Amino acid sequence: MDRLRELRKEHGLKISELSDELDLVGADAVGKYERGEREPNINRLIALANYFHVSIDYLVGRSDVR
C-alpha cells in the first residue's frame, strides 16, 4: 500500500510509531502492508483511514480524493 507509506511519511512517523499509535497491529504487520506482502482487514483499514483522515478508497488507491 503505497499510500500508507506516503501518509506515514507525511506525518513524520516511523513504522513502529504508527503501530504504537494505532495499537492494533505490530510494526512487522504495518511494514508488510506497506510492502504489499499482507493486506489489512476491514477494521484495520477503517482505523488507518480514520487516523489519517482519508477515505478507505484513497488509502487503497481507488480514488485520488483524500
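The following paragraphs describe how the helices of this predicted model pack together. Local features need pLDDT of at least 70 and side-chain atom pairs count only at pLDDT 80 or more, while totals for chains, interfaces and linings use all residues. Residues are numbered from 1 along each chain as its sequence is written, and side-chain values use heavy atoms, with hydrogens and water left out.

The first helix, α1, contains the buried residues Arg3, Leu4, Leu7 and Arg8; buried means under 20% relative accessible area, exposed over 50%, and partly exposed in between (1.4 Å probe, protein chains only). Helices are DSSP runs (H or I, at least four residues), numbered from the N terminus. The buried residues of α1 fall within an arc of 135° seen down its axis, so they line one face of the helix; the arc is that of the directions from the helix axis to the C-beta atoms. On the other side of α1, Asp2 and Lys9 are exposed.

The largest nonpolar core has 17 residues, and Leu4, Leu7, Leu18, Leu48, Phe52, Val54 and Leu59 touch the most other members. Such a core is a set of buried Ala, Val, Leu, Ile, Met, Phe, Trp, Tyr and Cys residues joined through side-chain atoms within 4.5 Å. The largest share of this core, five residues, comes from α4.

The structure holds one aromatic pair. Tyr51 and Phe52 form this pair, which is edge-to-face, with 5.0 Å centre to centre and 85° between the planes. Rings of Phe, Tyr and Trp (its six-membered ring) pair if their centres lie within 6.5 Å; planes under 30 degrees apart count as stacked, over 60 as edge-to-face and the rest as tilted.

Note on methods
Helix = DSSP H or I, 4+ residues; strand = E, 2+ residues; numbered from the N terminus.
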